[in-house]
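Trainee: Please take a close look at one part of this model with me. I would like one connected answer that I can follow on the structure.

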Amino acid sequence: FQEMIKLTASAMEDAYAQGITRQSIRVLLPRDPASADLGQYFESDAVVVGGSRTTLQENLVLAPPDETWQGGSPQLYRAAAPTCQEILRRISKDTAGVPPRMVEDRSVDESGVDGIGLWMSQSQNP
């Protein structure tokens, strides 16, 4: 998981340096292997940061975002949020040693059930 985050952030930074400011990325998402008996893309050392807690996911599987997610797009959104936050932390710079604040905007999902949102990082200049 951490290697995927590192490579994704690096590729995004390289693209940005070349003037590509609008990017779409596709990554595998963390998922409990007990749900749907996946057993693929297993990474026992993955560390997932969610909100204010960091946990080692000993039985974590990285799964493609496809129809195997029974909860549909809301479940995908919940699974993608920690991955997105980790990527944003990697590409956002700390200000005076303070990491950027992660901000979620769900206003783009008028119904509130479509699993759509926008993640941003914010930091202050010293």
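Mentor: Start with a term. A helix here is a DSSP run of H or I with at least four residues, and helices are numbered from the N terminus. Keep in mind that this is a predicted model. Our part is helix α2, which covers residues 72–91. A80 lies in that helix.

First, place the helix in the chain. The protein chain has 2 helices and 6 strands. Along the sequence, they follow the pattern α-β-β-β-β-α-β-β. So find α2 after the run of four strands and before the last two, since elements are numbered from the N terminus.

Now look at A80 itself. Is A80 buried, partly exposed or exposed? Its relative accessibility is 27%, so A80 counts as partly exposed. The cut-offs explain this: buried means under 20%, and exposed means over 50%. Across the chain, buried residues make up 31% of the 126 residues.

Next, see what A80 faces across the fold. V27 is 53 residues away along the chain, yet the C-alpha atoms of A80 and V27 are separated by 8.9 Å. Distant pairs matter in the contact count too. Take the contacts in the chain with a separation of 6 or more: 55% of them join residues 24 or more positions apart.

V27 leads us to the core. The largest nonpolar core has 8 residues: F1, M4, I5, M12, V27, L29, A79 and I87. Two elements, α1 and α2, give two or more residues to this core. The largest share, 3 residues, comes from α1. M4 is worth a click. Beyond its neighbours within four places in sequence, M4 is in contact with V27, L28 and T83. There is also a second, separate core of 5 residues, including Y77, L88, M102 and W119. In soluble globular proteins, nonpolar side chains tend to be buried together.

Stay with α2 and turn to the largest pocket. Its space is about 950 Å³. How many residues line the largest pocket? The lining has 29 residues, and M12, Q23, I25, C84 and I87 lie nearest the centre. Three elements each supply at least two lining residues: α1 (2–17), α2 and β6 (118–122). Here α2 gives the largest share, 10 residues. Sorted by class, the lining holds 18 nonpolar, 9 polar and 2 charged residues. Note two names that you have met already. M12 and I87 belong to the largest nonpolar core, and both are among the residues nearest the pocket centre.

Finally, check the ends of the region around α2. P74 pairs with V113: they are 39 residues apart in sequence but 6.5 Å apart in space, C-alpha to C-alpha. V113 sits in the loop between β5 (101–105) and β6. Its relative accessibility is 56%, so V113 counts as exposed. After α2 comes the loop that leads to β5, and P99 is found there. P99 is exposed too, because its relative accessibility is 52%. Its C-alpha atom is 9.3 Å from that of S121, 22 residues away in sequence.

One last view takes in the whole surface. The protein chain exposes about 8,200 Å², and carbon and sulfur atoms supply 50% of that area.

How values were computed: Residues numbered from 1 in each chain as written. Predicted model: local features only at pLDDT ≥ 70, side-chain atom pairs only at ≥ 80, totals over all residues. Heavy atoms only, no water. Buried < 20%, exposed > 50% of the residue type's maximum accessible area, 1.4 Å probe, protein only. Contact = heavy atoms within 4.5 Å. Areas by Shrake-Rupley, 256 points an atom, 1.4 Å probe, with all protein chains shown as cover. 1 Å grid on protein atoms, 1.4 Å probe; cavity = no way out; pocket = protein on both sides within 12 Å on 5 of 7 lines; lining within 4 Å. Points joined across faces, edges and corners; volume = space filled by probe spheres on them. Nonpolar A, V, L, I, M, F, W, Y, C, P; charged D, E, K, R; others polar. Core = buried A, V, L, I, M, F, W, Y, C linked by side-chain atoms within 4.5 Å.
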